[in-house]
Amino acid sequence: MAKKYWLMKSEPDVWSYDDHAAEGVAEWDGIRNYQARNFMRDDFEIGDTVLFYHSNHKPPHVAGICEVVREAYPDSTAFDPDAKYYDPKSDPENPRWLMVDLKAVRKLERPVSLAEIKANPALADMRLVARGNRLSIMPVEKAEYEEILRMAKSDPED
DNA sequence: GCCAACGTTGGC
DNA sequence: GCCAACGTTGGC
């Protein structure tokens, strides 16, 4: 299977790219949406590349790059009554929720904002800019990924 | 803080 | 299986 590209959202107040980079390799837990889970379960492979996106931030932006280093396995936070994302309906014998491990690869040269992505015609088809999109994990085309890397190397005014 | 869009829940 | 009510996401 060819290497794939993803975008994953996190609120930087909760878990930022720098937090992740400080850990090196970290779990991506707390996904409680079936569509997002299914991407991890069915399509994530070791070596896939992830754009780390900061949502609920001013401005929202892509902050850095990660790599999938462990494929989907049960999200243990769903079983922990004290965890924020505890889900009593997830049975350890048949886990409802999954997580992956990501390794921080590098920060972008500069953040690439949602406004810039929206303004770039080459990125008009990204799911990120689709109307009403709320998915926290979504596939990204290789060309879109490369365009965002290119933008990060250029000035925002371009 | 507002609110549009969307997902989930639960009564029927 | 429908759908109204409710909760959440996330940009603005």
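This note describes a predicted model of a protein with DNA strands B and C, taking the sheet before the contacts with DNA.

1. The sheet. The model contains an open sheet of 6 strands with mixed pairing, arranged in the order 2-5-4-3-1-6. Strand 2 (25–28) and strand 6 (137–140) occupy the edges; each has a single partner strand, so one side of each is left without a neighbour in the sheet. From one strand to the next, the twist averages 40 degrees.

2. The pairing of strands 3 and 4. Strand 3 (residues 49–54) and strand 4 (residues 61–74) run antiparallel and are joined by 6 bridges. Within this pair, L51 of the protein stands opposite I65 in strand 4.

3. Helix 4 on the sheet. Helix 4 (residues 142–152) packs on the sheet, where it touches strand 1 (5–10), strand 3, strand 4, strand 5 (98–113) and strand 6. The direction of helix 4 makes about 45 degrees with that of strand 5.

4. The buried residues of helix 4. Which residues of helix 4 are buried? They are E144, Y145, E147, I148, L149, M151 and A152. The elements that cover these buried residues include strand 1, strand 3, strand 4, strand 5 and strand 6, as well as helix 3 (114–119).

5. The loop residue N120. N120 is located in the loop between helix 3 and strand 6. Is N120 buried or exposed? With a relative accessible area of 11%, N120 falls under the 20% limit and is therefore buried. Leaving aside residues up to four places away in sequence, N120 touches E147 and M151. Both E147 and M151 are among the buried residues of helix 4.

6. The loop residue P59. P59 belongs to the loop between strand 3 and strand 4. Its relative accessibility is 47%, so P59 counts as partly exposed. The C-alpha atoms of P59 and L114 are separated by 7.2 Å, although the two residues are 55 residues apart along the chain. L114 is also one of the residues around DNA strand C.

7. The surroundings of DNA strand B. The residues around this strand are Y34, Q35, K89, R131, G132 and R134. By class, the surface near DNA strand B has 3 charged, 2 polar and 1 nonpolar residues. Sugar or phosphate accounts for 61% of the atoms of DNA strand B within 4 Å of the protein, and bases account for the rest.

8. Phosphate contacts of DNA strand B. A phosphate oxygen of DNA strand B is 2.9 Å from an N or O atom in the side chain of K89. For R131, an N or O atom in the side chain is 3.1 Å from a phosphate oxygen of DNA strand B.

9. The surroundings of DNA strand C. This strand is surrounded by K9, Y53, S55, N56, P60, L114, K118, R134 and L135. The surface near DNA strand C has, by class, 4 nonpolar, 2 polar and 3 charged residues. Of the atoms of DNA strand C within 4 Å of the protein, 78% belong to sugar or phosphate, and the rest to bases.

10. Individual contacts of DNA strand C. A polar backbone atom of N56 is 3.1 Å from a phosphate oxygen of DNA strand C. In the side chain of K118, an N or O atom is 2.5 Å from a phosphate oxygen of DNA strand C. What does the side chain of R134 approach in DNA strand C? An N or O atom in that side chain is 3.0 Å from a base oxygen of DNA strand C. R134 is also listed among the residues around DNA strand B.

Conventions
Residues are numbered from 1 along each chain as its sequence is written. Chains are lettered from A and ligands numbered from 1 in the order in which they are written. This is a predicted model: local features need pLDDT of at least 70, side-chain atom pairs count only at pLDDT 80 or more; totals for chains, interfaces and linings use all residues. Side-chain values use heavy atoms; hydrogens and water are left out. A residue is near a molecule or strand if one of its heavy atoms lies within 4 Å of it. A polar contact is a pair of N or O atoms within 3.5 Å; within protein, one must be able to donate a hydrogen and the other to accept it, and residues adjacent in sequence count only if both atoms are side-chain atoms. Ala, Val, Leu, Ile, Met, Phe, Trp, Tyr, Cys and Pro count as nonpolar, Asp, Glu, Lys and Arg as charged, and the others, Gly among them, as polar. Two strands pair if DSSP finds at least two bridges between them. Helices (H or I, at least four residues) and strands (E, at least two) are DSSP runs, numbered from the N terminus. Axes are lines fitted to C-alpha atoms, for helices over the stretch in contact, and angles run from 0 to 180 degrees between N-to-C directions. Contact means heavy atoms within 4.5 Å. Buried means under 20% relative accessible area, exposed over 50%, partly exposed in between (1.4 Å probe, protein chains only).
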